[in-house]
Every structure is written in C-alpha cells, then in structure tokens.
Amino acid sequence: MTHAVVVGAGGREHALARALRRDGAEVTVTPGNDGMRADGLRCVADGAVARSADLVIVGPEEPLVAGVADELRATGVAVVGPGADGARLEGSKAFLKRFLADAGVPTAEHATFSEVAAAQEWLRARPGPYVIKTDGLAAGKGVLVTSDLAEALADVAAKVSGDAFGDAGRTVVLEEFLDGEECSVLALCDGTRVVPLLPAQDYKRVGDLHTGPNTGGMGARAPLAAMGPGELAEVQARILAPTVRALRARGIDYRGVLYAGIMMTSQGPRLLEYNVRFGDPETQVVVPLWGPGFLDTMVACATGALDVAPTFSSGAAVTVVLAAPGYPQRPVLGGRIEGLGADGQPLAARPGVCVYHAGTRQTEDGGFVTAGGRVLAVTAVAADEATARDEAYAVAETISFEGRVMRTDIAARSEA
Ligand code: AMP
Ligand code: GLY
C-alpha cells in the first residue's frame with residue numbers, strides 16, 4: 001500500500017487527502033486539522049513523517065520556497081512540488097517577470113522598483129487602473145488593483161517602506177492592467193511533460209460582484225466555458241510548453257503542479273502569475289471531478305512518468321467558502337459552528353455534496369468552532385453547473401456561525 005503524506009492544513013489538503021484515500025492510499029496529513037481528523041484522516045503534527053512516505057504532496061508554497069521538496073527528494077521520497085529553484089516562480093514576482101521575458105511567455109508589461117519616488121513617477125505617467133504587487137510572498141494579499149491614483153501612490157509608499165508587508169513589499173512590481181476573464185489552469189509537470197487539468201475559476205474578492213479586498217479565494221467552479229479545448233490548447237502552446245522548456249534550459253527539473261493564473265484578454269491569453277502548487281479553493285472543485293487514478297497520476301508526476309493524461313467526469317463542481325467575520329483583514333475566530341455532525345460533515349447531507357475543513361477546531365462535545373480566516377468549503381458535484389451551485393448553496397445555508405462571510409454569487413447565472 002502506498003503511504004501518501006499531504007503537507008498542509010487547509011481545505012485544499014483535505015480535498016487532496018480524501019482523493020488519495022479514495023484511491024486506496026494510506027494517508028497522513030501534516031499537520032492537518034481537526035476537521036480532517038473528524039473525517040477519519042490521520043493527522044500528525046511532526047512534519048518528519050513525510051520522510052518515511054512513498055509519496056508526498058506539498059500543499060502550500062512556503063515550504064516549497066524553503067526547499068522542503070529538495071530535502072525529501074534527497075532521501076528518495078517521490079514529491080509533488082518543485083524544489084526551491086522552481087518555486088521561485090511563485091516566491092519572487094521580479095524573478096517571474098524576468099523568467100517570462102526570457103521564455104517569451106505573454107504577460108502584462110511591468111516595471112520593478114525598490115524606491116518610492118521612482119515607482120510613483122511610473123504610476124503618474126499612466127492612465128489607470130493600476131496594479132501594484134509585492135515582490136515577495138504575501139499570502140495572496142499583496143496585490144492592489146485600483147483606478148484611484150491617490151490610493152495607488154499611497155499603496156506603493158506603504159509597501160516599499162516595509163510598513164504594509166515587511167520585507168516582502170520592499171520591492172514592488174507595477175503592471176499594465178489586463179482586462180478579461182480570469183481562469184486558473186492547473187497543470188501537472190513531470191520535469192519534461194506538462195499536462196493541463198480541468199480549468200477552474202477562483203472568486204478572489206471578498207464581496208459579491210467582485211467587490212472588496214482580494215482574499216485567498218471565496219469560491220470556485222470547474223470546468224469553464226471561457227476555457228474550452230481551443231483556448232486550453234493555446235495556453236498549452238503559448239504559455240505552459242515554453243515555460244517548461246525554459247525551466248529545463250535553466251536546469252530546473254520541475255515536478256509538481258504548475259498553476260497558471262490566466263487572463264483571457266481580447267488579444268489572447270496572458271499569464272498573470274504562476275503558483276507552484278495546487279490552488280485553494282480550485283482544488284476543491286478540480287479534484288472531486290477527477291476520474292479514477294488520482295493517486296497513480298500523482299506518483300507519475302513525481303517520478304517523471306506522466307505519460308497518461310488524467311480524465312475528468314463530464315459534470316461540474318462548485319465550491320462555496322464560508323469565512324470568519326472580518327476576513328480577510330482581521331478575522332474573528334472562536335465562533336460556534338452549527339450544522340455539522342461529529343464527523344465534520346453536514347447534518348443536512350445531500351448526494352454529491354461534501355465539506356472540506358480549512359480552519360476549524362473540534363470541541364470536547366464533538367462540535368466545531370471557527371479557527372481560521374477561511375473556515376470551510378462546501379463542494380457540490382453535479383451533472384451541470386447550475387445544479388452544482390444550487391446544491392452547494394443549499395448545504396452551505398444549513399451551516400452557520402456568527403458573522404459568517406459567504407459570497408452569494410459563486411457560479412451565478414449571470415456569469416455563466
Ligand atoms: P496575483 O497574486 O498576481 O495573481 O494577483 C492577484 C489578483 O489581482 C489576480 O488574480 C487578478 O485578479 C488581479 N491582477 C493581478 N495582476 C493583474 C493585471 N496585470 N491586470 C488585472 N488584474 C490583475
Ligand atoms: N486560489 C488562489 C491560490 O491558490 O493562490
């Protein structure tokens with residue numbers, strides 16, 4: 001039996017762990033969370049458990065940037081996740097932009113600054129909207145997109161001074177604003193081959209109709225009408241394939257998920273960013289649609305043997321995230337969650353619907369309280385998107401806690 005270890009503690013890791021278990025793996029999550037434990041998954045605080053695994057999937061980017069995949073590979077463990085060299089695609093926006101220019105991958109025009117006055121001058125010389133990114137990692141919250149020049153100027157000052165994001169913000173990347181539909185194309189790369197998965201869409205802003213600050217993601221859907229086979233082939237040819245060639249040319253043996261954030265502009269697809277891991281909450285819709293063989297495909301990806309493309313069910317999946325009050329700026333934790341059984345799954349069970357735990361703690365009486373900004377993701381799989389949305393919301397409405405933050409427009413009809 002394959003011993004598979006999932007590194008991480010959120011909804012994404014819960015979805016990955018469930019899929020590995022479905023395929024017959026012995027699964028350990030490190031550190032995991034109470035909701036996974038209630039779901040019968042083994043959770044171990046000490047990350048050293050990964051050293052004795054046959055397969056490790058690293059969920060979050062920080063350990064990858066820190067070189068965890070290199071350490072594990074050095075001891076002979078098969079890992080889904082790039083080494084520190086490949087992880088720089090996500091770890092440094094300035095590195096990414098240089099890399100894309102060398103590789104000829106279409107992306108937004110940009111300039112990099114470490115000095116406030118020069119950055120502000122660049123902004124003043126342009127019409128908005130303005131896009132300002134921290135160079136370093138900021139948990140998905142380091143990007144401001146605004147049409148307000150005064151806000152843009154203030155944001156640059158706050159970032160470069162270190163006040164807003166510490167050292168991660170001292171260098172900023174300013175970008176041309178790209179208009180279009182945003183899609184997440186997660187692809188598997190085995191060092192040589194790159195195979196896109198089912199395209200998905202993340203709802204990044206906290207409020208309905210894409211208002212309010214960016215978050216880690218408030219919901220997702222897959223597949224996408226805006227990214228059919230023709231568009232996906234273009235993404236493969238213009239973005240993914242040249243990226244893998246450029247990685248190889250730099251001697252980088254990239255084995256893991258290459259997650260392309262794509263803007264479908266009137267001029268074709270443009271790369272917004274790369275992430276070097278599974279998306280959260282995209283994983284909560286892509287993995288439940290995966291046909292048989294998730295475990296085998298993960299092993300193939302990690303061992304350089306990705307010669308069979310994964311297959312997906314013909315249906316659709318929608319996930320709705322429930323977040324704590326105050327998310328994303330100042331989440332207030334500790335609220336009692338109603339509507340879950342002692343196994344962490346909804347009392348109002350419906351076929352095709354399950355709950356992935358992101359930030360929950362189980363109390364002695366078997367109940368749950370909120371313990372993270374994003375608390376739960378409610379995923380429904382159905383024959384079509386409208387049914388999946390209705391089913392996900394029907395269950396989400398039965399799970400409540402004080403001040404629950406939930407978008408009501410995930411996969412809304414007007415967006416179809
Ligand atoms: P990033 O972390 O680079 O993906 O940026 C976070 C979000 O900001 C993206 O998902 C987009 O919604 C938005 N964004 C980033 N760059 C641009 C851009 N050049 N034009 C328009 N929107 C952008
Ligand atoms: N869904 C956005 C991310 O995983 O970065």
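**Ligand 1 and a helix pair in a predicted model**

Ligand 1 sits among 16 surrounding residues (each with a heavy atom within 4 Å of it), and the closest of these are Lys 133, Glu 175, Leu 178, Glu 182 and Glu 273. The model is a predicted one, so to speak for its filters: local features need pLDDT of at least 70, side-chain atom pairs count only at pLDDT 80 or more, and totals for chains, interfaces and linings use all residues. Residues are numbered from 1 along each chain as its sequence is written, chains are lettered from A and ligands numbered from 1 in the order written, and side-chain values use heavy atoms, with hydrogens and water left out.

On the polar side, there are contacts (pairs of N or O atoms within 3.5 Å) to backbone and side chain. A backbone N or O atom of Leu 178 is 2.8 Å from a nitrogen atom of ligand 1, and for Glu 176 the backbone N or O atom in question lies 2.9 Å from a ligand nitrogen. The side chain of Glu 273 puts an N or O atom 2.8 Å from an oxygen atom of ligand 1. Taken alone, the ligand exposes 470 Å² (Shrake-Rupley, 1.4 Å probe), and the protein buries 92% of that.

Strands E7 (130-134), E8 (143-146) and E17 (268-275) each give the shell at least two residues; strands here are DSSP E runs of at least two residues, helices H or I runs of at least four, numbered from the N terminus.

As for helix packing, the axes (lines fitted to C-alpha atoms over the stretch in contact, with angles from 0 to 180 degrees between N-to-C directions) of H7 (residues 116-124) and H8 (residues 149-160) come within 10 Å and cross at roughly 155°. H7 and H8 are therefore roughly antiparallel (over 145 degrees) to each other.

Terms used: A polar contact is a pair of N or O atoms within 3.5 Å; within protein, one must be able to donate a hydrogen and the other to accept it, and residues adjacent in sequence count only if both atoms are side-chain atoms. Angles under 35 degrees count as roughly parallel, over 145 as roughly antiparallel, 65 to 115 as roughly perpendicular and the rest as oblique.
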